[in-house]
Amino acid sequence: MTSKSASPRSPRRSTFPWQLWLDVLAIVAWGVLLLNYWLTKKLNLLLHPDYMWLAVAAGCALLGLGTWKVWQGFQSARQRRARVLQPNPQHFTLFPPGWSSALLLAVAIVGLQFAPQPFSSDVALNRGVTDTLTMTRSQPQSFRAAVRSEERSIIDWVRTLNVYPEPDAYTGQKVNVQGFVIHPPTLPDNYFVIARFVITCCAADVYPVGLPVKLSNPRSVYPADTWLQVSGEMITETLNEQRQIVIQAIELKEISAPENPYDY
Amino acid sequence: MNQLNNALTLFFSLLVEAMPFVLIGVLFSSVLLLFVDERKLIAAAPKNPLAGALAGSLIGFLFPVCECGNVPVARRLLSQGAPSSMAIGFLLAAPTVNPVVFWATWTAFRDQPEMVFLRVGFSLLIATLIGWVFSVQADLRPLLQPAVARSMPTPARRSAQPAADLLQSGTFLIGSGQSLRLDTIDPQTATMAANPVLSKPFAVRLGLMFDNMVQELRELGGVLIIGSAIAAIVQVVVPREIVLSLGQGPITSILAMMVLGTVVSICSTVDSFFALSFASTFTSGALLAFLVFGPMIDLKNIGLLMTIFRGRAIVYLFVLAAQLTFLLTLLINLYVS
């Protein structure tokens, strides 16, 4: 029964089963890549924490699959007939033989060399930070109106504004937020935007949210992408013909970029 | 340089996010191949093309796979002789009409439950209609990739010669109690349709299951890489602002979201969260279009579909799905919200 479905490939003993070992390398490389991203905390930059266990589990599963393949490879090297007896129930190919594994392997190797970078302010400008006040989730996951205003993060502020957008309601409230600096070309020289990226699933869908900050000096003192802790209080101003809240900065402190640059 | 970095980060984030779902997909698909007799499933399918398409669309509830995973299952259904209406219905509906996606969409749009039901309802409707349309083509093989077409049983011949079961011309291999026809183009694929695997001991089947997983992983992984690369490049090169500025209008917003859904190629299991970030800038119809059309056809998915279909069939699927999605979501925009 089994010999009927034997693969048509030549059973010559001298042929090295390169396809098998290329598969093994590609699978193991991907397992290593996923676990490496997890262990070196690079996964933080790529995925929402809720989905990280999936990547980790996939990494373990790939390593398991790779181990099984290695075992199978040695088995069939020892007793060549075993390979012939293994029917290939399924083999559709879009790529020429070996290309797909080679591509997977090559990308995994690039991935192992590559350190994902947190997105910078130019991505935020590209993705339109200026209209982010309307771009947040319609319903926040958690919403605490009673929270003290200086404990709100940028995301909390934006969510609060989404629920109750009247800027004057917040005038005089204390602000203490952390984020990175964006220099939108549309704002005057003594304003910048303090922003965070929000991630919902993976880096492909991060979007920036931010609040304008009014400075007493030109913004060039704080270059784009600098991480700052901004404390001050809320005022209402009209920027770009739109009445909106602005943080009147009192103290600006440079901080180091957090390990996980995204907010949720 | 910065652009390259961003593109690579996007690229790897898409891959890292999609890889587990691809694994789940090939796992389900391999289990289906080696432990479930699809012929029973297929035999149980209603003969009526419309009912068959609906049944196929609902199989997703048994196999919670996203669009990375439904293609191998659909491919297998076809190669096991499933009617075209059933296979197409499954192919289009399974990424959306399944418990995992239902739960994810519910989590995302808890405050708008109508989005969840409209998403599932529209996907079912569109998949069933397209499955029904494709059932007109009784023999799908001219539309399929040669490898898939070869592996399919030949319904036409069977029905044309009802008495030929006993006496058939061709090359046969005599086995224990049963002879096997060898005169298809590839003897390997002939055994696949007969699925001899189900009669093997469990340990052997488990081994074959892993073998099958590796093969599909290799194939789908290669395609996923190409799709993710295209998606990452387009996302970095085209400013999202341009896509978004297309608008608030009832028509342009739908078109923009359909284009975005096609380009972003995000997995259906998680795309509702992605859509949620546009919830306040885009019309509900546009969000629905993203949630319904994205899982059916996107850049990554087109690559995967090419492992089953020839280009012509993909164009038919694309055009039909796009038109139906557009019409239905436009109705929502104009008359409901």
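**Contacts and exposure in a two-chain model**

Me: What is the relative accessible area of A:D168, which is partly exposed?
Reply: Partly exposed lies between buried, under 20% relative accessible area, and exposed, over 50% (1.4 Å probe, protein chains only). A:D168 counts as partly exposed because its relative accessible area is 43%.

Me: What kind of model is this?
Reply: Residues are numbered from 1 along each chain as its sequence is written, chains are lettered from A and ligands numbered from 1 in the order in which they are written, and side-chain values use heavy atoms, leaving out hydrogens and water. Local features need pLDDT of at least 70 and side-chain atom pairs count only at pLDDT 80 or more, while totals for chains, interfaces and linings use all residues, since this is a predicted model.

Me: Which residue meets A:R243 in a salt bridge?
Reply: A salt bridge needs a side-chain nitrogen of Lys or Arg within 4 Å of a carboxyl oxygen of Asp or Glu. Here the N to O distance is 3.0 Å, between A:R243 and A:D168. The two are 75 residues apart, A:R243 in strand β5 of chain A and A:D168 in the loop between α7 and β1; helices (H or I, at least four residues) and strands (E, at least two) are DSSP runs, numbered from the N terminus. A:E166 belongs to the network of shared partners as well, but the residue that meets A:R243 is A:D168.

Me: How far apart are the closest N and O atoms of A:D23 and B:R218?
Reply: A:D23 lies in helix α1 (residues 18-39) of chain A and B:R218 in helix α11 (residues 202-237) of chain B, so the pair joins two chains. Both A:D23 and B:R218 are buried. The closest N and O atoms of this salt bridge are separated by 2.4 Å.

Me: Which residue of chain A forms a salt bridge with B:D211?
Reply: The closest N and O atoms between B:D211 and A:K69 are 3.2 Å apart. This contact crosses from helix α11 of chain B to helix α3 (residues 49-78) of chain A. Both side chains belong to buried residues, and the partner in chain A is A:K69.

Me: What is the angle between the ring planes of A:W157 and A:Y170?
Reply: Rings of Phe, Tyr and Trp (its six-membered ring) pair if their centres lie within 6.5 Å, with planes under 30 degrees apart counted as stacked, over 60 as edge-to-face and the rest as tilted. The structure holds 12 aromatic pairs over all chains. A:W157 and A:Y170 are one of these, edge-to-face with 5.9 Å between centres and planes at 70 degrees.

Me: How many bridges join β4(A) and strand β5 of chain A?
Reply: Two strands pair if DSSP finds at least two bridges between them. Strand β4 (residues 227-239) has 10 of its 13 residues buried, and 7 bridges join it to the antiparallel β1 (residues 174-182). With β5 (residues 242-254), also antiparallel, A:Q229 stands opposite A:K253. The count of bridges between β4(A) and β5(A) is 12.

Me: Which helix of chain B holds B:F318?
Reply: The ring centres of B:F293 and B:F318 are 5.6 Å apart and the planes are at 70 degrees, so this pair is edge-to-face. B:F293 lies in helix α15 (residues 284-296), 25 residues away in sequence, and B:F318 in helix α17.
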